[in-house]
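User: I'm new to reading protein models and would like a close look at one part of this one. Could you take me through it slowly, then show me how it fits with the rest?

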2 protein chains.
Amino acid sequence: MSKFWSPAIQSLVPYTPGEQPKVLDLIKLNTNENPYPPSPAVNEALCSFAIERLRLYPDPDSSQLKQALAQYHQLSEDQVFLGNGSDEVLALAFMAFFRQSKPLLMPAVTYSFYQVYCDLFQIQFRCEPLADDFSIDLSRYSEQNGGIIFANPNAPTGIPVPLTEIEALLQRNRDSLVLVDEAYVDFGGESAIGLIDRYPNLLVTHTFSKSRSLAGLRIGAAFGHPELIAGLERVKNSFNSYPLDMLAVTAAVASVQDDAYFRDICQRIISTRESTVCALKQLGFDVLPSASNFVFVRHPSITGSDLMQFLRERKLLVRHFNRPGLDAFLRITIGTDAEMQTLIDTLHSHPQLAGNH
Amino acid sequence: MSKFWSPAIQSLVPYTPGEQPKVLDLIKLNTNENPYPPSPAVNEALCSFAIERLRLYPDPDSSQLKQALAQYHQLSEDQVFLGNGSDEVLALAFMAFFRQSKPLLMPAVTYSFYQVYCDLFQIQFRCEPLADDFSIDLSRYSEQNGGIIFANPNAPTGIPVPLTEIEALLQRNRDSLVLVDEAYVDFGGESAIGLIDRYPNLLVTHTFSKSRSLAGLRIGAAFGHPELIAGLERVKNSFNSYPLDMLAVTAAVASVQDDAYFRDICQRIISTRESTVCALKQLGFDVLPSASNFVFVRHPSITGSDLMQFLRERKLLVRHFNRPGLDAFLRITIGTDAEMQTLIDTLHSHPQLAGNH
């Protein structure tokens with residue numbers, strides 16, 4: 001607290017990101033990073049970048065990357081917005097669209113940053129409970145609202161929402177914006193980008209931090225009707241003219257252009273996920289059906305915090321959310337086959353799990 | 001306009017950055033970039049960076065760069081804040097400190113982004129006129145306020161404020177925050193960083209875009225009392241956990257560590273500025289006394305827009321502000337000696353200036 005702080009920030013509770021440990025000998029399955037490096041094309045593009053150009057400001061519109069993404073998703077450039085990671089894109093979207101007189105609707109369990117943005121921008125919101133199977137039940141989102149947001153697949157459950165249900169929601173909800181956060185969509189979800197031309201009330205966000213292995217460079221995007229993109233540009237240009245740096249744009253363009261590599265590593269992660277799910281079920285875990293690069297699991301007889309601690313002592317980092325309703329679970333990022341084998345072997349060595357093999 | 005936009009953004013007027021032309025054969029003296037490349041140490045650090053690490057999130061606190069800057073300025077790490085360019089640092093500071101019941105005070109002529117932030121965050125502000133010689137007269141900033149902000153040296157005038165006057169302002173104004181934006185301080189201004197330990201109401205912002213030749217990478221910083229830095233961290237962590245990417249941090253640390261190069265290029269720019277000022281005065285220009293990497297000049301008989309157009313047709317880009325009171329002036333960035341010679345030669349070829357040599 002300080003007398004110099006704006007009154008509105010005195011009660012803010014910031015988002016807590018997963019731990020980024022400074023020691024290097026841990027197997028990091030806690031922040032949904034990609035176990036594979038970025039495309040070799042990224043390496044080449046960065047190595048051939050002329051460093052002396054860094055003395056100049058970047059293109060404030062990052063047009064090169066807008067073009068690459070527009071082409072990739074068969075959109076026009078004015079349907080693409082870019083930001084410094086999808087967290088910034090989301091923050092700007094909350095400012096641009098959700099400061100309304102009616103409440104924003106979101107699932108009771110979803111990416112926890114959404115509530116932080118509401119606090120920061122003083123946006124009222126209402127949470128809809130998940131269904132009993134932990135899925136998002138969009139038929140419940142029927143009340144008057146100033147917008148709807150959810151992640152698809154959802155976080156931290158990993159469960160996808162069928163596109164047909166999203167389209168039905170868009171039809172029922174033509175007067176407010178529906179934001180679908182597709183951070184994890186490349187690992188088996190169905191993207192709503194194909195609906196953009198038909199629904200001017202749809203905004204879809206993506207990130208380069210998961211499927212494109214570029215968490216270290218901070219690149220996010222939004223796709224939607226040109227009027228929505230214009231609203232985002234207006235807020236962005238009132239906040240920070242140049243959010244994407246030259247090297248981030250260079251790397252991102254190279255990544256988008258190497259589609260074969262992208263598809264290959266996504267497929268590898270999906271296949272590692274499926275074998276991990278089998279192994280975890282054999283150990284007696286309850287595993288929610290994931291279409292993402294992580295699994296959300298609980299064991300009927302061992303608490304989530306005990307398991308996290310047990311793994312951490314054996315140099316395996318996973319994420320535990322200390323929140324009612326979620327605290328029985330662990331969120332485990334899908335690493336390489338070898339990393340997941342180490343995880344499974346380590347779990348087998350747990351005194352209460354040792355019998356299950 | 002769109003029915004999906006938040007009402008508050010319908011009337012926003014975004015900041016207009018200087019043009020970043022896509023053609024390459026122009027002499028760019030319009031956005032205060034450094035004519036010299038970043039330190040060779042930046043090149044080395046980027047070339048030896050292991051690209052595969054980009055799959056991981058960066059350190060959300062950018063501790064390595066905080067340490068380097070704390071050491072450089074003889075501060076502790078908790079007196080240093082970092083952001084995605086000083087524009088983002090300023091935006092977060094407006095949110096953290098200036099949303100008060102009393103108005104923010106600022107000069108009528110200063111960095112025009114300040115008023116845009118006020119619009120975005122619905123902050124009331126009052127503008128104090130400049131003195132007749134275009135300097136900031138801090139003795140006028142005497143009314144009750146929710147904060148004071150100005151650039152030192154000021155933009156776009158380039159005129160510095162003496163440190164003694166800033167200290168007197170801090171003493172008169174102990175109950176609200178004074179933000180000194182030192183984007184251009186390394187070209188001859190006096191930094192207020194040395195006052196931080198004595199004045200908990202002082203926040204100083206810096207950028208790597210001008211004196212450190214890293215505009216392309218987006219790195220800004222703020223320095224102040226740990227309670228002020230904590231307020232900034234709280235807002236930052238409610239907005240975007242990871243604003244600085246790994247390559248930007250790597251480059252910035254290398255830049256801070258090569259002080260000899262930094263001092264050398266700043267000194268070169270200062271000396272080019274001095275010779276440019278002489279040459280412009282010989283051509284009959286009125287040149288405001290600059291302590292920055294640009295000069296703000298007007299000619300008694302040629303309009304600012306005519307001169308800008310004349311130069312542009314000859315592939316020299318300078319900045320003209322189409323605002324009452326400023327529209328007679330041009331803001332000319334200091335380039336290399338050769339670039340400035342081209343500028344002077346080109347001006348000599350102007351029909352109304354041809355006699356002045």
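Here is the spot I keep coming back to: is B:Phe113 buried or exposed?

Analyst: Happy to dig in! Keep in mind that this is a predicted model. B:Phe113 is buried, because its relative accessibility is 0%, and the cut-off for that word is anything under 20%.

Now look at its partner. B:Phe113 and B:Tyr117 make an aromatic pair of the stacked kind, with 4.4 Å from centre to centre and 15 degrees between the planes. Why do these two line up along the chain? Both sit in helix α4 (residues 113-120) of chain B, and they are four residues apart, so about one helical turn separates them. B:Tyr117 is buried too, with a relative accessibility of 0%.

Next, hop to another stacked pair in chain B, made by B:Phe296 and B:Phe329: 4.4 Å centre to centre, with 0 degrees between the planes. Here the two rings come from distant parts of the chain, 33 residues apart, with B:Phe296 in strand β10 (residues 294-298) and B:Phe329 in strand β12 (residues 329-333). B:Phe296 is buried at 0% relative accessible area, and B:Phe329 is buried at 1%.

Over all chains, a search of the whole structure turns up 25 aromatic pairs. Over in chain A, ring pairs join A:Tyr15, A:Phe94, A:Phe98, A:Tyr111, A:Phe113, A:Tyr114 and A:Tyr117 into a cluster. Rings can have charged company as well: A:Arg212 lies over the face of A:Phe262, 3.9 Å from the ring centre, while A:Arg331 sits over the face of A:Phe294 at 5.7 Å.

That brings us to charges. Side chains of opposite charge can pair when their charged atoms come close. The whole structure has 26 salt bridges over all chains. One of them joins A:Lys315 and A:Asp25, with 2.3 Å from N to O. This pair links distant parts of the chain, 290 residues apart: A:Lys315 is in the loop between α9 (304-313) and β11 (316-318), and A:Asp25 is in the segment before β1 (27-29). A:Lys315 is partly exposed at 40% relative accessible area, and A:Asp25 is partly exposed at 46%.

Another salt bridge in chain A connects A:Arg298 and A:Asp286, whose closest N and O atoms are 2.8 Å apart. A:Arg298 belongs to strand β10 (residues 294-298) and A:Asp286 to strand β9 (residues 286-287), so the bridge ties together parts 12 residues apart in sequence. A:Arg298 is partly exposed at 28%, as is A:Asp286 at 32%.

Back in chain B, B:Arg126 and B:Glu143 meet in a salt bridge of 2.6 Å, N to O. B:Arg126 is in strand β4 (residues 125-128) and B:Glu143 is in the loop between β4 and β5 (148-151), so this one ties together parts 17 residues apart in sequence. Both ends are partly exposed: B:Arg126 at 41% and B:Glu143 at 27%.

Finally, zoom out to the two chains. Chain B lands on chain A after a rotation of 180 degrees with 0.0 Å of shift along the axis, and the RMSD is 0.0 Å. That's the relation of a two-fold axis. In chain B, the C-alpha nearest that axis belongs to B:Cys47, at 3.5 Å. Both copies use the same surface, as 99% of the contact residues of chain B recur in chain A.

Technical notes:
Residues numbered from 1 in each chain as written. Chains lettered and ligands numbered in written order. Predicted model: local features only at pLDDT ≥ 70, side-chain atom pairs only at ≥ 80, totals over all residues. Heavy atoms only, no water. Least-squares fit on C-alpha atoms with pLDDT ≥ 70 in both. Contact = heavy atoms within 4.5 Å. Salt bridge = Lys/Arg side-chain N within 4 Å of Asp/Glu carboxyl O. Helix = DSSP H or I, 4+ residues; strand = E, 2+ residues; numbered from the N terminus. Buried < 20%, exposed > 50% of the residue type's maximum accessible area, 1.4 Å probe, protein only. Phe/Tyr/Trp six-rings, centres within 6.5 Å; stacked < 30°, edge-to-face > 60°. Lys NZ or Arg CZ within 6 Å of the ring centre and 35° of its normal.
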